[in-house]
Every structure is written in structure tokens, then in C-alpha cells.
Amino acid sequence: MVGNRFEIRLMVSAGVTGVILLGALLAPSAAFADKAKKPVSKKSYISQIISQDLSDSDRAFIELREAAKRNDVLRTQQLAASLASYPYDDYVAYFRIKPQLFDSAGNPRADTTADSQVNAFLSQYQGSALADRLRNDWLLVLGKRKDWVNFDAQYSKFVLDDDTQVKCYALQSRLEQGANPAKVAADARAVLIDPRYFGQACQDLVPSLVASGGMSPSEAAAIGRAASEMGFDTMARHLGGDDPIADIVKAAKTDPAKAFRDFSQNASRYSKENQALAWGVIGQFLGKKLDPNADDAYRMQQDLGFNELLSAESQEWKVRAGLRAKDWTLVKSAIEGMNPAVRSRDPAWVYWYGRALKADGQDAKARESYESIADQFNFYGQLAREELGRPNHAPARTKVSEPEIDAMASRKGFIRGQRFYVMNLRFEGNREWNWELRNMTDKQLLAAAEYAKRINLYDRVVNTADRTKQEHDFSLRYPTPYRDELSPIAKQIDLNLAWAYGLIRQESRFIMNAASSVGASGLMQVMPNTAKYVAKKIGMTSYSKDQLSNTNTNLTLGSNYLNMVLLDLDGSWVLASAAYNAGPARSKQWREKLSGPTEGAIFAETIPFPETRTYVKNVLANSTYYGGIVQGQTQSLKQRLGVIAPKAANASDLP
């Protein structure tokens with residue numbers, strides 16, 4: 001719960017029974033693969049869930065999966081041959097084929113000879129989640145081959161279309177087949193946002209666009225610079241060649257305050273364009289250090305222009321620097337100068353643009369901005385509604401019937417997904433479950449969420465109910481399992497129950513056996529050292545590390561720690577939520593760097609760590625609706641965010 005957890009890996013032990021979830025499932029037979037007994041009551045769902053140990057075939061299947069992840073062709077061939085009668089024949093075939101498409105480093109192999117195997121699989125399992133997964137892999141091979149005829153034929157069938165490299169190959173295909181280079185480049189701007197996902201495909205696309213005249217060398221250099229800002233220097237050179245401000249990018253990453261001072265003396269040596277871009281990079285890294293000079297750097301960039309050549313990171317931190325400085329003119333200009341794809345991907349920029357318009361006296365236009373996101377239930381949707389004078393009530397509840405819920409029990413994807421969960425194959429389980437949700441109506445989604453609730457798959461309850469558009473049930477979107485355990489704990493230490501639930505929903509999605517890559521575990525993602533500290537403080541003398549997986553122990557230790565950081569941070573939910581995720585010392589450091597009293601929403605948006613920034617916003621937004629559910633009170637998010645004043649960072653013994 002404390003530390004930089006950029007991704008939570010959810011793990012469920014096979015054979016665990018009862019409401020701890022996933023303790024089990026249908027027997028591995030043709031019955032669970034294709035059909036299920038139709039339940040007639042809530043009790044009948046639970047009666048299907050039986051404790052089940054893994055068979056030797058299950059263990060071989062899991063080993064096959066791991067060998068496929070390593071792209072170990074020989075081992076996958078051996079294991080697949082031993083699983084000829086395994087119920088999941090499609091997964092056995094996929095794990096056998098996939099390593100033939102990639103080398104040991106994970107790069108697609110243009111020289112693979114698995115074409116006939118791939119085509120046979122896509123034909124046999126057409127329309128399945130796994131066929132779409134293999135199609136994604138195959139498109140990377142076809143793109144690397146530059147086999148555009150077959151690529152285009154397969155790309156038109158790629159349902160998820162969520163792979164940046166595949167999108168870059170699709171753009172290359174259009175370019176190679178005579179499409180207008182300027183139009184291809186315009187479409188590429190919505191794809192070439194995050195260099196972490198570029199791979200080789202996007203690195204090849206950019207020089208091709210420059211060579212065809214669709215993209216300017218300056219724009220290619222800007223894309224390369226975005227990669228360099230993230231530490232991908234080799235990629236940066238491949239994308240944009242030698243960057244004339246490469247030395248400034250390096251200096252800004254190392255010591256932005258020094259880079260600011262040095263460039264203030266040397267800026268005149270550079271062209272107007274390169275001055276602007278250098279100030280943008282320096283502003284970004286000053287902003288991430290919460291240095292007030294970030295606003296000055298970005299103001300100099302704004303005066304010089306070239307907003308479109310700033311990286312997505314620089315564009316977003318330009319807004320944040322303006323917010324931190326309460327410079328509404330810069331906030332407005334920064335958002336107006338954003339790449340449309342960057343501006344549209346986060347409702348934050350819609351809300352803050354409305355605030356900037358309001359500060360500029362354009363109240364009617366500000367209301368238009370708020371109205372455009374007021375139907376969203378997220379952090380900024382809630383703030384927009386409050387700006388419009390509307391309460392954050394949960395929408396009217398849509399109920400589903402028992403027959404509608406019953407129908408979900410026989411859905412193949414749900415049955416397969418459940419079996420994967422009990423085998424500790426959460427990735428595959430989620431794939432099957434989510435694929436089944438495609439094209440469902442809101443009422444079907446609610447029926448599926450209720451079904452997930454009845455079989456104790458609470459993360460699927462949340463994930464599924466979260467997808468509804470018009471008809472909702474917030475008792476499913478914001479469920480309250482373990483209430484009998486959590487309520488007395490919260491009451492005893494006077495901890496707000498809605499906030500605790502908001503945090504658990506974000507931390508673990510109510511999966512008791514959730515475990516992070518840094519060692520946090522359980523519903524409240526408690527770190528072992530933190531658990532030991534809290535147990536000693538509250539007099540839990542019998543505590544041992546193996547008790548952390550116990551529901552009541554985890555809730556007791558997590559709740560007490562949350563209360564401790566709240567008291568240590570003067571009762572601020574914003575600061576305490578940030579501290580729970582990133583540690584109390586960091587929360588205090590960020591507060592210390594404030595130039596004056598700052599509204600909580602601005603503090604949250606300018607948290608330097610992306611994970612913690614998202615975490616705090618989600619926890620607080622969750623808590624608003626939980627307030628209505630567990631306390632029956634309409635909550636004001638703005639009131640909970642409050643105003644945060646600067647304060648010297650005092651030492652604390654809290655971990």
C-alpha cells in the first residue's frame with residue numbers, strides 16, 4: 001500500500017473456499033466448457049462452486065502458459081502434445097503457436113513458417129477472444145513482413161484494435177498503397193502519443209511519413225524528443241534523427257532547476273523554434289519537481305509558440321504548472337494548444353478549461369464545458385456537476401429479474417473465466433469474462449454484475465457494472481462486501497466508512513488475495529513492514545506475517561494505518577490518500593512545496609507520480625458515492641477535497 005505500485009498483480013490461490021472468492025469452481029469437464037445447470041435461486045449459484053485442487057493436466061497447462069510467455073518453442077510443443085484431450089483446446093493450440101511467431105526477445109518473426117497453423121486457428125475459433133488475441137499477434141508478423149494485402153484482410157477483423165504497433169502498421173499500409181501522406185500523418189498524430197508503446201512499427205512509420213512529405217522533420221524530431229524525455233534515446237534517434245536540443249533535454253531530466261538557470265543565459269544561441277521547445281521540456285521537468293519556475297518556463301514557451309511540437313507530457317504539465325501557479329491565462333492557452341488526441345483522452349482538461357473560462361469571465365462557455373462531462377461519474381464529472389450546482393446523487397437504480405441473472409450462468413465466457421480464476425490465471429479469466437460483455441445491453445451488464453456478485457467475483461462485479469451507459473445500479477458499481485467485518489473496525493477508530501470503501505475499491509477491487517509486485521497484499525494492500533508496525537502500535541501482540549491474508553486482520557491493520565496517516569496529515573483525505581499510496585513523507589514534501597493555500601483538486605491533479613495522482617482522484621470519487629450508499633448522505637467532492645495550505649514537512653515514524 002506504500003511505495004510505487006504502477007500495476008497491481010491480482011493473485012488467487014487455487015483451492016481457497018468460501019467468500020474469500022474464487023476458492024473454486026465447476027469441475028473441469030465438457031459441462032463447464034459449454035453449458036451450465038441453470039440456477040433457480042441465489043443459493044443454487046453458490047452450490048455450483050466446489051473446492052477443487054488442480055489436476056496434473058492443469059499444472060501442465062499452467063507450465064505451457066509460462067513456456068509460451070518465454071516464447072520457448074520446444075517446450076511448448078512438448079507440453080501441448082501431452083494435453084491433447086485438455087478441455088481448453090484453443091488455449092493449448094494458442095500457446096503452441098504463439099512462440100513460433102516471436103523471438104526470445106518478444107519481437108515478431110517475419111520468417112515464421114506457422115502461417116497455415118495461424119490461419120487454421122483463426123478459422124476454427126472465429127469470433128472468440130483468443131482468436132482476436134492471435135490475430136493481434138499475427139498482424140505484428142504481417143506488418144513486419146510488409147505483407148499489406150494479408151495485413152489489411154486481417155486488420156479489418158481485429159475487434160479490439162488496441163495495439164499501438166498494429167495501428168502504426170495500418171498507417172504504413174495506407175501510405176504504401178498510395179494514400180495521401182498528409183492525411184495519413186494527420187491520423188498518425190492520434191496514435192503517436194506514448195512512446196512506451198511504439199515498438200518497431202511506429203519507429204518505421206515516422207521516417208516514412210517524412211520521406212513522403214506527409215510529416216515535417218520538425219514534427220518527427222518532436223516525436224523523437226518525446227521518446228528521449230522518457231529515456232528511450234535510441235528510439236528517439238530512429239524516429240527523429242539528431243535532436244538540436246538533445247543536450248537540454250538531458251540536462252532538464254538530470255537537474256531541471258540548473259537547466260532553467262543555464263538556458264536563461266544561453267537561449268539566444270538557439271532558433272526561436274528550439275528556444276520554445278527547450279522551454280517546454282524544462283517546464284515539464286520543473287513541473288514534476290513542483291518547482292514554481294515551471295510556470296515561468298512555460299510562459300516563455302507560450303510567448304514563442306510551437307505548442308503543437310510539445311510532447312504529450314509537456315502539454316499536460318503545462319496545464320498543471322499553470323494550475324499550481326493559479327495562472328488561469330496559461331491554463332486556458334495550454335489546453336487550447338493541446339494535441340486534440342491528448343486533450344480528449346482525459347476529462348481533466350475539459351473541467352479545467354471550464355474553470356479557466358470562468359476565471360476569464362466567460363461563464364456561459366464555462367457551463368458548456370462542464371455540461372459536456374457532467375454525465376460522467378468520475379472525479380471530474382463530479383466536480384463539473386458541483387460547478388453546475390447539482391448534487392452528486394447516484395442515479396436511479398435499475399433492477400434486473402431472476403431469469404435475466406439466470407441467463408448469465410450459462411454464458412461460456414463466464415464459465416471459462418471462472419475456471420481460469422481458480423487456476424490463478426487471472427489474465428485469461430479477465431479476457432474471457434470481458435469478451436463475453438461485448439455488445440451487452442445495460443440490463444444484461446447489470447445481470448452479469450449481479451451474477452458475479454453471487455459467485456463472489458467482486459472485481460468482476462465492479463468492472464461489469466462500471467460499463468453501463470444509461471441504466472445503472474450503484475450498489476453493484478460500488479459494492480460493500482465484508483461490511484460486517486469492516487464497519488465495527490471503522491466505528492471503533494472513528495474512520496469514515498465511505499472513504500475506507502473508496503480506498504479498498506481502488507486498492508484491490510475486493511479481491512482478498514490481491515498481491516502487488518512490491519509485496520502489498522489483501523483487501524487493503526498492506527505492506528508486511530507496515531503491518532508489523534501497525535500491529536505493534538495497536539497492541540496486536542499475536543500478529544504474524546501469515547495472518548495478513550486473513551480478512552479481519554487485513555482490514556484491521558489497513559484501517560488503522562489509514563487512520564494514522566489521516567491524523568498525521570491534519571485530517572486531509574487528499575493528503576492521507578496520497579500517503580497511503582506513496583508514503584507519508586512524499587505527501588508532506590508535496591504539501592511543503594505549495595506557494596500558498598491551494599484547492600484540493602489542484603493538489604491532486606499536480607501530484608508528480610502518475611499512479612498516485614490517479615489513485616487519489618479515484619479514491620475520493622469512489623468515496624462520494626459510497627457516502628450515499630453506506631451513510632445515506634449526498635456528498636460534496638469539493639468539500640472533501642478542501643483547501644491545502646503549505647506546511648513544513650515534519651518527521652514522522654510512520655512507514
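Q: Why are α34 and α35 called oblique to each other?
A: In this predicted model, the axes of helix α34 (residues 573-582) and helix α35 (residues 584-592) cross at roughly 135 degrees and come within 7 Å. Angles under 35 degrees count as roughly parallel, over 145 as roughly antiparallel, 65 to 115 as roughly perpendicular and the rest as oblique. The two helices are therefore oblique to each other. Axes are lines fitted to C-alpha atoms over the stretch in contact, with angles from 0 to 180 degrees between N-to-C directions.

Q: What makes the contact of α34 with α35, by class, nonpolar, polar or charged?
A: Contact means heavy atoms within 4.5 Å. On α34 the contact is made by Leu-575, Ala-578, Ala-579 and Ala-582, and on α35 by Pro-584, Arg-586, Ser-587, Trp-590 and Arg-591. Ala, Val, Leu, Ile, Met, Phe, Trp, Tyr, Cys and Pro count as nonpolar, Asp, Glu, Lys and Arg as charged, and the others, Gly among them, as polar. The contact thus has six nonpolar, one polar and two charged residues.

Q: How do you know that a disulfide joins Cys-168 to Cys-202?
A: The S to S distance of Cys-168 and Cys-202 is 2.0 Å, and a disulfide is a pair of cysteine sulfur atoms within 2.5 Å.

Q: Why is the disulfide of Cys-168 and Cys-202 right-handed?
A: The torsion about its S-S bond is about 95 degrees, so the disulfide is right-handed.

Residues are numbered from 1 along each chain as its sequence is written. Local features need pLDDT of at least 70 and side-chain atom pairs 80 or more, while totals for chains, interfaces and linings use all residues, and side-chain values use heavy atoms, leaving out hydrogens and water.

Key:
Helix = DSSP H or I, 4+ residues; strand = E, 2+ residues; numbered from the N terminus.
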